[in-house]
Amino acid sequence: RRARPGPAEGGGSNPSKRHRERLNRELERLAGLLPFPEEVVAGLDKLSVLRLSAGYLRAKSFFSVPERGNEKPGLLGQQLHSQTDREAPLHLLIFMALQALNGFVLVVTSEGLIFYSSHTIQDYLGFHQTDVMHQSIFELIHTEDQQEFRRNLHWALNPPHAPEGEPSPEGEKSLSSSAVTYKVDQLPPENSSFLERSFVCRFRCLLDNSSGFLALNLQGRLKFLHGQNQRSEDGSALPPQLALFAISTPLQPPSILQIRTKNMIFRTKHKLDFTPLACDAKGKIVLGYTEAELRMCGTGYQFIHAADMLYCAENHVRMMKTGESGLTVFRLLTKENGWKWVQANARLVYKSGKPEYIIVTQRPLGDEEGGEHLQKRSMHLPFTFATGEALLYQSTYPLLGCSDPFQSKWKNSKSRKTSHSHGGYCQKNGVDPSSLLGAVMRQDEEVY
C-alpha cells in the first residue's frame, strides 16, 4: 500500500484554519497599535478592534486637515497625537484639563455615530471610552429624547422624519437614512450663531445614583468634519459634513460627597454568570489583582466572603430579571488574603435587545460601615436550612458524600491537596465547582 502523503512542512492541512490563524495574528498586531492601555486592549473582541481602528483612522484624517492648512489642531487633535507618548507634558496637561472638567467631550456625526468621546465619559455614564467609540449615539439616549437629539444634529433643527424606535436591527442603514448631506454653499458660515447648540438629553448610565439615566446638558456647536472621504451612492465624493462638537455636563451638579468619593469608585466587567472579564485601574489598586489573575480564577463568587455569597446570588438573580441588582454591600477577597467591604450596584448591558454583559460599580467602605450593613442584613435574613445557608455553615448537609469544607476538608493533607485542584474535590463529591458551594470549597482556609 502506498503511504498517504502528510501535510506540507511548516503548515497545517486545513487552509481555513491557516487563514484564521493569520487573521488572528494580524488582529493582535492591530490591537497592539491602538492608543489604549494594555488591560483595555486585552478585553477587546475582534469586531471591537476593527471598529476602534476605523474610528482612530477617521479621527487622524480629520485632524491632519487643519495641520495641512497651518491651523492649530485643537484640544482633541493634540490629545490624539500625544496618545503615543504617555509622558509628554502636553498630554499630561490635557489629561488634567479633562479631569478638572465637570463633564466629557463628545463629537457626533450627522448620522448619529460617536466620532469621538473623551475617556472621562466613564466617570459620568459608567461606559468605557472603547465601549462607545464609533457606535450609535441613539443606543445611549432615552427613547423620548432621541428625536430632540436628532433635531440638534440638523443645521436648521428640521431633520427628515425618522420612524419611532430607531435604531432598527439594521443599524447602519437606519443611521444613514436619517442623515442629510449638504453642499457647502447651502449652509451658513461655520461661525454662525445658527450652528450653536445647547440642549438637554437623558443618557443611559451604569452608575448607582442615576436610576438608569442621567440628564446631561450638551453645549457646543456644529462644525465641519473634514477628511472623511465620504461618497454618495453614485460614487461621487461628498464635501465635509457637519458634526456636533459638544461638552456634556450633568444637569444637576455633583454634591461634595460625590466629588470626594469619585476617585475611590472602581468598576468591573463580568459575563452573565458573573465571571470577571475586566477591571479598571482603580480596582486593581483596591484589590491588588491584575486583570489576568481575575480571569484565571473562574467564577467571580470565589472572591466573595462565604457569609455574603447567597446574599449576592439573590441580588444577581434580581438583576437578571429586572436589569439592576440594587445596592449590595459585601466583602471581596484582596490579593493579600484580606477582606474589603464594598458597596456595589450591578447593571445588565444590552445589545440588540439582548443582555450581553454585566457592569458593576463598586465603592470601598470601612469595616465599621460594612459591619452595620451586615447587622441589618442578618436581622432580615436569618440563617436557616429553609433558605439554603445551611449548605455553607452547618457541619452536616443534605448532600451524599459531601463533608464540611471548613472542618474535615483541611484535617488531612490529602484533602488539602485535592481542594486546591480546580474542582477536583468538588466533582468527586458531586458538587458543581461553579456553584456557590463549589466556590467556597475552593477558597483557602487561611482567608477566614
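What pLDDT does the chain average, and what share of the residues score at least 70? In this predicted model, the average over the chain is 75, and 69% of the residues reach a score of at least 70. Two stretches fall below 50. Over residues 78–88 the pLDDT is below 50, and this stretch has 23 contacts in the model beyond near neighbours in sequence. The pLDDT is also below 50 over residues 163–177, where 18 contacts are found beyond near neighbours in sequence.

The count of salt bridges comes to 10. One of them joins arginine 221 to glutamate 196, with the closest N and O atoms 3.7 Å apart. Arginine 221 belongs to strand 4 (residues 213–225) and glutamate 196 to strand 3 (residues 196–204), so this pair ties together parts of the chain that are 25 residues apart in sequence. Glutamate 196 has a relative accessible area of 47% and is therefore classed as partly exposed, since that class lies between the cut-offs of 20% and 50%.

A further salt bridge is formed by the side chains of lysine 335 and glutamate 293, at an N to O distance of 2.8 Å. Lysine 335 is located in the loop between strand 8 (328–333) and strand 9 (339–351), while glutamate 293 is in helix 12 (residues 291–296); the pair therefore ties together parts that are 42 residues apart in sequence. Lysine 335, at 41% relative accessibility, counts as partly exposed. Glutamate 293 is likewise partly exposed, its relative accessible area being 26%.

Strand 9 itself contributes a residue to another salt bridge, through arginine 347. The partner of arginine 347 is glutamate 324, and the closest N and O atoms of the two are 3.2 Å apart. Glutamate 324 is situated in the loop between helix 13 (309–322) and strand 8, so that the pair, 23 residues apart, links distant parts of the chain. The two partners fall into separate accessibility classes: arginine 347 is buried, at 7% relative accessibility, whereas glutamate 324, at 26%, is partly exposed. The value for arginine 347 is 7%, and buried means under 20%, so the assignment follows directly.

Salt bridges can also share partners. Glu144, Asp145 and Arg202 are joined in this way into one network.

Notes:
Residues numbered from 1 in each chain as written. Predicted model: local features only at pLDDT ≥ 70, side-chain atom pairs only at ≥ 80, totals over all residues. Heavy atoms only, no water. pLDDT = per-residue confidence, 0-100. Contact = heavy atoms within 4.5 Å. Salt bridge = Lys/Arg side-chain N within 4 Å of Asp/Glu carboxyl O. Helix = DSSP H or I, 4+ residues; strand = E, 2+ residues; numbered from the N terminus. Buried < 20%, exposed > 50% of the residue type's maximum accessible area, 1.4 Å probe, protein only.
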